[in-house]
Amino acid sequence: QVQLVESGGGLVHSGGSLRLSCAASGRTFSDRVMGWFRRPPGKERQFVARIRWIDGNTYYAESVKGRFTISRDNANNTMYLQMDSLKPEDTAVYYCALAATVTGNYDYWGQGTQVTVSS
């Protein structure tokens with residue numbers, strides 16, 4: 001099994017920054033992909049960014065490109081999402097997720113962390 005625990009959410013003013021962390025434990029997969037998703041109030045879940053663990057390759061949603069940066073720490077098995085220039089529309093519950101393979105589904109999810117951006 002895999003456990004994912006997010007942290008780092010909170011309340012920030014528009015234009016501010018936050019860094020989210022996702023600590024993974026349990027079973028590991030050599031070519032896993034980890035991603036960040038979010039669910040804004042009253043809306044469906046959205047993809048934010050992902051990173052391929054083995055080579056650090058990243059991909060972002062257009063809405064966050066240039067403002068958010070996804071990264072990983074191999075030694076601590078932790079993924080990060082640095083969020084800069086935050087906007088009120090970034091307000092959401094943010095989830096980290098793990099797919100065991102590049103072509104697989106995101107089968108493992110964290111509990112989520114709230115990010116609120118005030119205008």
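**Close-up 1. The largest nonpolar core of this predicted model.** This core has 30 residues. Which of them touch the most other members? They are Leu4, Met34, Trp36, Met79, Leu81, Met83 and Tyr94. Plenty of strands chip in: β1 (2–7), β3 (18–26), β4 (33–39), β5 (46–52), β7 (68–73), β8 (78–83), β9 (92–99) and β11 each give two or more residues to the core. As a bit of background, nonpolar side chains tend to be buried together in soluble globular proteins.

**Close-up 2. Leu81 and its company.** Here we zoom in on Leu81, one of the core residues that touch the most other members. Setting aside residues up to four places away in sequence, Leu81 touches Leu18, Arg19, Leu20, Trp36, Val48, Ala49, Phe68, Thr69, Ile70 and Tyr94. Two of those names, Trp36 and Tyr94, also turn up among the core residues that touch the most other members. Leu20 has another link to Leu81: the two are bridge partners, with Leu81 sitting in β8.

**Close-up 3. Strands β1, β3 and β8.** How do β1 and β3 run, parallel or antiparallel? They run antiparallel, and 6 bridges join them. One pairing to look for is Gln3 with its bridge partner Ser25, which belongs to β3. Now move on to β3 and β8: this pair is antiparallel as well, joined by 6 bridges.

**Close-up 4. Thr113, in strand β11.** Thr113 belongs to β11, which covers residues 113–118. Is Thr113 buried or exposed? Its relative accessibility is 12%, so Thr113 counts as buried, the cut-off being under 20%. Leaving out residues up to four places away in sequence, Thr113 touches Glu6, Ser7, Gly8, Gly9, Leu20, Ala92, Val93 and Tyr94. Look closely at Gly9: its backbone nitrogen lies 3.2 Å from a polar atom of the Thr113 side chain.

**Close-up 5. Asp90, in the loop between β8 and β9.** Although Asp90 sits in a loop, it counts as buried because its relative accessibility is just 1%. Which side chain does the side chain of Asp90 meet in a polar contact? That would be Arg38, at 2.9 Å. Apart from neighbours within four places in sequence, Asp90 is in contact with Arg38, Arg67, Phe68, Ser85, Val115 and Val117. Gly16 makes a handy landmark for this view: Asp90 and Gly16 are 74 residues apart in sequence, and their C-alpha atoms are 11 Å apart in space.

Definitions and conventions:
Residues are numbered from 1 along each chain as its sequence is written. This is a predicted model: local features need pLDDT of at least 70, side-chain atom pairs count only at pLDDT 80 or more; totals for chains, interfaces and linings use all residues. Side-chain values use heavy atoms; hydrogens and water are left out. Helices (H or I, at least four residues) and strands (E, at least two) are DSSP runs, numbered from the N terminus. Buried means under 20% relative accessible area, exposed over 50%, partly exposed in between (1.4 Å probe, protein chains only). A polar contact is a pair of N or O atoms within 3.5 Å; within protein, one must be able to donate a hydrogen and the other to accept it, and residues adjacent in sequence count only if both atoms are side-chain atoms. Contact means heavy atoms within 4.5 Å. A nonpolar core is a set of buried Ala, Val, Leu, Ile, Met, Phe, Trp, Tyr and Cys residues joined through side-chain atoms within 4.5 Å. Two strands pair if DSSP finds at least two bridges between them.
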